[in-house]
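Thanks for sharing this one. Here are my notes, point by point, to read with the structure open beside you.

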Amino acid sequence: MYQVIKSFICASAVTEFALVAIDSAGKVAVASTPTANTIIGVAQRAASTGEPVDVVVFGETRVIAGGSLTLTSDTVLSVTTAGAVQAAASTHYPVGNTLPNINQLTASANDQIVILFNRGLAPLA
């Protein structure tokens, strides 16, 4: 699995495999706004306020599905509630692409899935 990992300090509690956004102080918190361009990566473990956390800023990583996904057709993803992922809409900043395999072609809410995290620089539209 190829990953670029950077460490950040948590501005608030972060959950494992949640997408995180960076704030003006350079700290990270769980992301939840798909139309914001502040998502920096995916936390690789849970961490509390003030603790360091490793964040995948590019590459393969696990994330949490925010709802039902068909990994072969819902291929472009964006953030949703609690740092989970959803199928991206036209106004969303993409955060990555699904990496389906023969053992996991669909996902339900709270399932772990593997994606290629590749932060989008502009909304899909």
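1. Leaving out neighbours within four places in sequence, Ile115 is in contact with Gly59, Glu60, Thr61, Val63, Leu77, Val95, Asn97, Thr98 and Leu99. Please keep in mind that this is a predicted model. Ile115 belongs to strand 11, which covers residues 112–117.

2. Is Ile115 buried or exposed? The relative accessible area of Ile115 is 0%, and because the cut-off for buried is under 20%, Ile115 counts as buried. If you want a distance to check on screen, try Ile115 and His92: they are 23 residues apart along the chain, and their C-alpha atoms are separated by 17 Å.

3. Next, the nonpolar cores. The largest one has 17 residues, and those with the most contacts inside it are Leu19, Leu69, Val85 and Ile113. Two or more residues each come from strand 2 (19–22), strand 4, strand 7 (76–79) and strand 11. Which strand gives the largest share of this core? That is strand 11, with 3 residues. As general background, nonpolar side chains in soluble globular proteins tend to be buried together.

4. Leu19 deserves a look of its own. Not counting residues up to four places away in sequence, Leu19 touches Ala29, Val30, Ala31, Ile39, Gly41, Val42, Val63, Val79, Gly83, Val85, Val95 and Phe117. Val85 in that list is also named among the residues with the most contacts inside the largest core. A second core, separate from this one, has 10 residues, including Phe8, Ala43, Ala47 and Val55.

5. On to the loops, beginning with Gln104, which sits between strand 9 (96–98) and strand 10 (106–107). A polar atom of the Gln104 side chain lies 3.0 Å from the backbone oxygen of Gln112. Beyond its neighbours within four places in sequence, Gln104 is in contact with Leu71, Gln112 and Ile113. You met Ile113 above, as one of the residues with the most contacts inside the largest core.

6. Ser32 is in the loop between strand 3 (28–30) and strand 4 (39–43). Its relative accessibility is 44%, so Ser32 counts as partly exposed. What does Ser32 touch, not counting residues up to four places away in sequence? The answer is Val79, Thr80, Thr81 and Ala82. One more pair to try on screen is Ser32 and Ala18, which are 14 residues apart in sequence and 9.6 Å apart in space, C-alpha to C-alpha.

Definitions and conventions. Residues numbered from 1 in each chain as written. Predicted model: local features only at pLDDT ≥ 70, side-chain atom pairs only at ≥ 80, totals over all residues. Heavy atoms only, no water. Helix = DSSP H or I, 4+ residues; strand = E, 2+ residues; numbered from the N terminus. Buried < 20%, exposed > 50% of the residue type's maximum accessible area, 1.4 Å probe, protein only. Contact = heavy atoms within 4.5 Å. Polar contact = N/O pair within 3.5 Å; in protein donor to acceptor, adjacent residues only side chain to side chain. Core = buried A, V, L, I, M, F, W, Y, C linked by side-chain atoms within 4.5 Å.
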